[in-house]
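Open the model in your viewer and keep the sequence panel beside it. This tour goes from one selection to the next and says what is there at each stop.

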Amino acid sequence: MIKKIIVSICLLISLSALAQEGTASPYSFYGIGDIKFKGTVENHSMGGVSVFPDSIHMNLQNPAQFASLKRTSLAVGITYIKTKSNTETETDKARRTSFDYLGIGIPLGKLGLGFGLIPYSSVGYKIRKITYNISDTAPFDTLSAIKSNYRGFGGVNKVFFGLGYKITKKINIGADIQYNFGTIETDNRTTEINNLFEPIQNGTRELNSSTLNGFNFDLGVTYQTKINKKLSFFSSLNYTPESKLSLNNSRTIQTFQELLSGSISIQDSQNVNVDDTTIKLPSKLSFGSGFGEVKKWLIGGEITLINSSVSSNRFNDINGATFEDAVRFSLGGYFIPNYSSFTNYYKRITYRGGIRYENTGLVIQNKSITDFAGNIGLGFPLRGSISNLNIGLEIGKRGTKYNNLVEENYVNLSIGLSLSDEWFIKRKYD
């Protein structure tokens, strides 16, 4: 009964969290937004490295790892995001809380299956800009300015179902299929104001909406072998072919009057015909390898190549950015002082760490937007079970404050539950 309650609570949290803004970045305006998912808390705490097989933790980055599960597992994660954004002249701060993933893995002999829900990308920004109309001959009381407010929210979510199969003791293969869906909305307002910041005339408002859907799939293979009595070697390969998202677009132009309360009164509204579009989701190839002593220490690295030069924006008239092929480098691992200690709880804690460098594939003002972060994490065993509470901390920087761009310094605190048990064994005794 308790397990059913836990699953129900996780489902309710995930469904309600889909409507939340998972980012506060102006860079999320382009494409389908910020790509949010970089693995479970366990993998993310190691810089995104996902090469290590695990019998009780779900690996949501390579479906071949589902075949390594020995217990039915439930994984859920959330992240608290704190961002400080800098330009050459201004600084702003934002806080967000985002739902990261919900997955369930079930071992079936040599076969393992996994399914769940992942918020894949997120759009979330609020920008306020004032442009002054300055004239050498105009008196002060006639000066005016243009006040612009930009807001965007929404994103793309994935429902996935995957299978992994253990061909031999050393080799796993796997595949999953994903259905992508979501809505992205933007609200752009422009008002002319006087030197007292009072509206001179009605403002204009442009509302854009894109409803997205489409399918894609992943293929994966893993290999592991013994180097000697203690050390093992691991490697993995994961490939995602290029796919497409269909976008149903709409646009509305309005004139409005700004009220003293800060709200607006719509004066006129007109729908504008815009083309529906198709966005390509780029192909992705990840290769990783690592070695170490299982249940003691492991270290590994991973390279991900993304053909993001095929990406595009949601509307044909969005300018100011292009896309190039992206690459991500990850290095990380973990250490457990004594996995089987019965007398010292702290020796059973898993200590994780890693670094990540990424060229995101987004190019603005001829400047490639890069992302660098360091990660640490802890895995706390839950007493009386083989489940874990995992905590990860990420500190990073994306972009630059030069060339009229934005530098984002962020701190992400992630919390994940990995619940493992033999859920589907029939009781012999009541």
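Which side chain meets E258 in a salt bridge? Select E258 and K147: their side chains form the salt bridge, with 3.0 Å from N to O. Keep in mind that this is a predicted model.

**Stop 1: the E258 pair**

Colour strand β9, residues 243-258, and strand β5, residues 144-166. E258 belongs to β9 and K147 to β5, so the salt bridge ties together parts that lie 111 residues apart in sequence. The two partners can also be compared by exposure. E258 is partly exposed, because its relative accessible area is 28%. K147 has 11% relative accessibility and so counts as buried, the cut-off being under 20%. The whole structure holds eleven salt bridges, and the next stop shows others.

**Stop 2: a network of charges**

Select R328, R356, E358, D371 and E394, which are linked in a network of salt bridges. Start from R356. Which residue forms a salt bridge with R356 at 3.5 Å between the closest N and O atoms? The partner is D371. R356 lies in strand β16 and D371 in strand β17 (residues 367-381), so this pair ties together parts 15 residues apart in sequence.

Now add E394. The side chains of R356 and E394 meet in a salt bridge as well, at 2.7 Å from N to O. E394 is in strand β18, residues 388-399, and the pair links distant parts of the chain, 38 residues apart.

Are these three residues buried or exposed? R356 is buried, with a relative accessible area of 3%. D371 is buried too, at 7%, and E394 counts as buried at 4% relative accessibility.

**Stop 3: the nonpolar core**

Nonpolar side chains tend to be buried together in soluble globular proteins. To see the largest nonpolar core here, select its eleven residues: Y27, Y30, F315, I318, A321, F323, L362, I364, I369, L405 and V406. Two elements give two or more residues to this core: β14 (321-323) and β16 (350-364).

Centre the view on Y30. Which residues does Y30 contact, leaving aside neighbours within four places in sequence? They are N313, R314, I318, N319, G320, A321, F323, L362 and I364.

**Stop 4: N238 and Q61**

Move to N238, in strand β8. N238 is buried, with a relative accessible area of 6%. Its side chain reaches the backbone oxygen of Q61 at 2.8 Å. Beyond four places in sequence, the contacts of N238 include Q61, N62 and P63, and also D218, L219 and G220. K284, L285 and S286 are among the contacts of N238 as well.

Then select Q61 and look from the other side. Q61 lies in the loop between α2 (41-44) and β2 (72-86). At 17% relative accessibility, Q61 counts as buried, because the cut-off is under 20%. Apart from residues up to four places away in sequence, Q61 touches F37, K38, G39, N43, G48, S50 and N238.

**Stop 5: β8, β12 and β13**

Stay with strand β8 and select residues 231-240, then add strand β12, residues 284-293. The two strands pair in the antiparallel sense over ten bridges. At L231, the bridge partner in β12 is E293.

Next add strand β13, residues 297-306, which pairs with β12 in the antiparallel sense over ten bridges. Select G288 to find E302 of β13 standing opposite. What do β12 and β13 form? They form a hairpin with three residues between the strands. In the turn, K295 has a positive phi of about 65°.

**Stop 6: confidence**

Finally, colour the model by pLDDT. The protein averages 88, and 90% of the residues score at least 70. Among the elements, helix α1 (residues 2-17) has the lowest mean pLDDT, 48, and strand β15 (residues 326-335) has the highest, 97.

Look at residues 1-6, where pLDDT stays under 50 and the model has four contacts beyond four places in sequence. Over residues 424-430 the pLDDT is also below 50, and that stretch has two contacts in the model beyond near neighbours in sequence.

Terms used: Residues are numbered from 1 along each chain as its sequence is written. This is a predicted model: local features need pLDDT of at least 70, side-chain atom pairs count only at pLDDT 80 or more; totals for chains, interfaces and linings use all residues. Side-chain values use heavy atoms; hydrogens and water are left out. Two strands pair if DSSP finds at least two bridges between them. Helices (H or I, at least four residues) and strands (E, at least two) are DSSP runs, numbered from the N terminus. A nonpolar core is a set of buried Ala, Val, Leu, Ile, Met, Phe, Trp, Tyr and Cys residues joined through side-chain atoms within 4.5 Å. Buried means under 20% relative accessible area, exposed over 50%, partly exposed in between (1.4 Å probe, protein chains only). Contact means heavy atoms within 4.5 Å. A polar contact is a pair of N or O atoms within 3.5 Å; within protein, one must be able to donate a hydrogen and the other to accept it, and residues adjacent in sequence count only if both atoms are side-chain atoms. pLDDT is the predictor's confidence in each residue, from 0 to 100. A salt bridge is a side-chain nitrogen of Lys or Arg within 4 Å of a carboxyl oxygen of Asp or Glu.
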